[in-house]
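Colleague: Please pick one loop residue in this model and look at it closely. Then work outwards from there to the rest of the chain.

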Amino acid sequence: MSTFLGVDHVGVGVGDIDAATAFYGRHVGFDQLLFDYTGDLPGLEAVTGRVPHARVAMLANSGATPIGPGRVKLVQVLDGDGPPPVPSGQAWGEVGVCEICLHVRNVTDVHRALVAAGCVSTMEPMSADVPPNGVTLDIAYVADPWGTKLEMIEWTGLWRSLPGPARAEGVNHVAFGVTDMARTRAFYQRLGFTQLLFESVDFFDPMAPWFKAPWYDPENLPAQHMTMPMPAQGAAIEPVVLDPPGHDCRGEWGHLGPMDFGIRVANIDAAAAFLRDSGVQVYGTPQSIDVGNGGEWRYCYFAEPDGNYVSLVEGRY
Ligand SMILES: [Fe+2]
């Protein structure tokens, strides 16, 4: 299905969209505000039990390259009690969205700049290569001021970067926990995530400090099975299985921190019909939101195997 074009964006719940937009624009490279919408979000009834009222800002990175093309969607839930809290006890890899990975030029310098801007280093810069193809990368992590895990990767074995100064580019992939890797791989293969960049089954030791008591026994950490299925175009996914599994960290839709992601499609009506014909439960018909200046944001949520919050997105903005 050529209509699927990879991960379009990662959705992040925030408590103050103005502060988050300023921070992501100034320090994380997401300097383009594609739209800033406040209103109802129909089509989420099956996910949230209501039509949320929220402010949504879609941010793009003007330095985004083909290997970091994804965007960030900031969501501030305005109704009810406001944004639901961060799921408690999330380390990394439990069911739920758990990180945003940015492709960057010069991991060490971007990591240093983000720490200077107020992020907390959660993994110092290092180099690694990933099985089974020995693809090399530079990697580091920070937590943004609100706790979202921002991974930085330069895929030196795939794509170095365009020339120029150190900078964060757009989203390279989104990581999320699942419970059955074979089932997840088969599901997302049909959505265009067909090229396996890496697969590993060893615990990634630099993440050990994230797995804290009482949720985990630091002496007896779960096995981690990670894969990265890439689409031919667009950002990738990184499904993870913990064994034994952690508790469910999906949280309520719109919760603070990374919480959903969208898959870009060329034609959302055709893509939704394809999913339905494939036996996937699609929640209603594609919604159309007028985001001003003639812009239109179309989306449609659907059921993925573990109930992670995922939508199709067709944007004209
Ligand atoms: Fe990752």
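Modeller: Aspartate 306 counts as buried, because its relative accessibility is 12% and the cut-off for buried is under 20%. The model is predicted, so take every value below as computed from it. Aspartate 306 sits in the loop between strand E15 (295-303) and strand E16 (309-316). What does the side chain of aspartate 306 join in a polar contact? The partner is the side chain of arginine 183, at 3.2 Å. Beyond the neighbours within four places in sequence, aspartate 306 touches Val95, Val178, Thr179, Arg183, Thr184 and Arg250. Arginine 183 therefore turns up twice, as a contact and as the polar partner.

Now the strands on either side of that loop. E15 and E16 belong to an open sheet of eight strands with mixed pairing. The order is E2-E3-E4-E1-E13-E16-E15-E14. Strand E2 (32-40) and strand E14 (287-292) are the edges, each pairing on one side only. The average turn between neighbouring strands is 30 degrees, direction ignored.

Take the E14 edge. E14 pairs with E15 in the antiparallel sense, over five bridges. In that pairing, aspartate 290 faces glutamate 296 in E15. The two strands make a hairpin with two residues between them. Asparagine 293 lies in that turn, with a positive phi of about 55 degrees, although it is not a glycine. Buried or exposed, what is asparagine 293? It counts as exposed, because its relative accessible area is 88% and the cut-off for exposed is over 50%.

At the E2 edge, E2 pairs with strand E3 (residues 53-60), also antiparallel, over eight bridges. Glutamine 32 stands opposite alanine 60 in E3. Helix H1 (residues 17-27) packs on this sheet. H1 touches E3 and strand E4 (71-77), and its direction makes about 5 degrees with that of E3.

There is another open sheet of eight strands, again mixed in pairing. Its order is E6-E7-E8-E5-E9-E12-E11-E10. The edges here are E6 and strand E10 (195-200), each pairing on one side only. Twist averages 25 degrees from one strand to the next. Within this sheet, E7 and strand E8 (residues 149-154) run antiparallel, joined by six bridges. Tyrosine 141 faces glutamate 151 in E8.

Glutamate 151 leads to the metal. The iron ion has four protein donors: Glu99 (OE), Glu151 (OE), His173 (NE2) and Glu238 (OE). They lie 2.0 to 2.2 Å from the ion. Along the chain the donors follow the spacing E-x51-E-x21-H-x64-E. Histidine 173, in strand E9 (residues 167-177), and glutamate 238, in strand E12 (residues 236-243), link distant parts of the chain, 65 residues apart. Both histidine 173 and glutamate 238 are buried. The site is irregular, with angles of 79 to 171 degrees among the four donor atoms. That range rules out tetrahedral, because this label needs all angles between 85 and 135 degrees.

The loops hold some backbone details worth checking. Proline 131 and proline 132 are joined by a cis peptide bond, omega about 5 degrees. Proline 132 is in the loop between strand E6 (120-130) and strand E7 (135-143). A cis bond also runs from aspartate 243 to proline 244, with omega near 0 degrees. Proline 244 falls in the loop between E12 and strand E13 (257-265).

Asparagine 106 is not a glycine, yet its phi is positive, about 75 degrees. It lies in the loop between strand E5 (96-105) and helix H3 (107-116). Asparagine 106 counts as partly exposed, because its relative accessibility is 31%.

Back to the starting point. Aspartate 306 is a buried residue in the E15-E16 loop, with arginine 183 as its side-chain partner.

Key. Residues are numbered from 1 along each chain as its sequence is written. This is a predicted model: local features need pLDDT of at least 70, side-chain atom pairs count only at pLDDT 80 or more; totals for chains, interfaces and linings use all residues. Side-chain values use heavy atoms; hydrogens and water are left out. Donors are N, O and S atoms within 2.8 Å of the metal (3.2 Å for Na, K and Ca); water is not among the atoms, so sites may look incomplete. Four donors count as tetrahedral if all angles lie between 85 and 135 degrees; four count as square planar and six as octahedral if opposite donors are over 155 degrees apart and all others between 65 and 115; anything else is irregular. Helices (H or I, at least four residues) and strands (E, at least two) are DSSP runs, numbered from the N terminus. Buried means under 20% relative accessible area, exposed over 50%, partly exposed in between (1.4 Å probe, protein chains only). Two strands pair if DSSP finds at least two bridges between them. Axes are lines fitted to C-alpha atoms, for helices over the stretch in contact, and angles run from 0 to 180 degrees between N-to-C directions. Contact means heavy atoms within 4.5 Å. A polar contact is a pair of N or O atoms within 3.5 Å; within protein, one must be able to donate a hydrogen and the other to accept it, and residues adjacent in sequence count only if both atoms are side-chain atoms.
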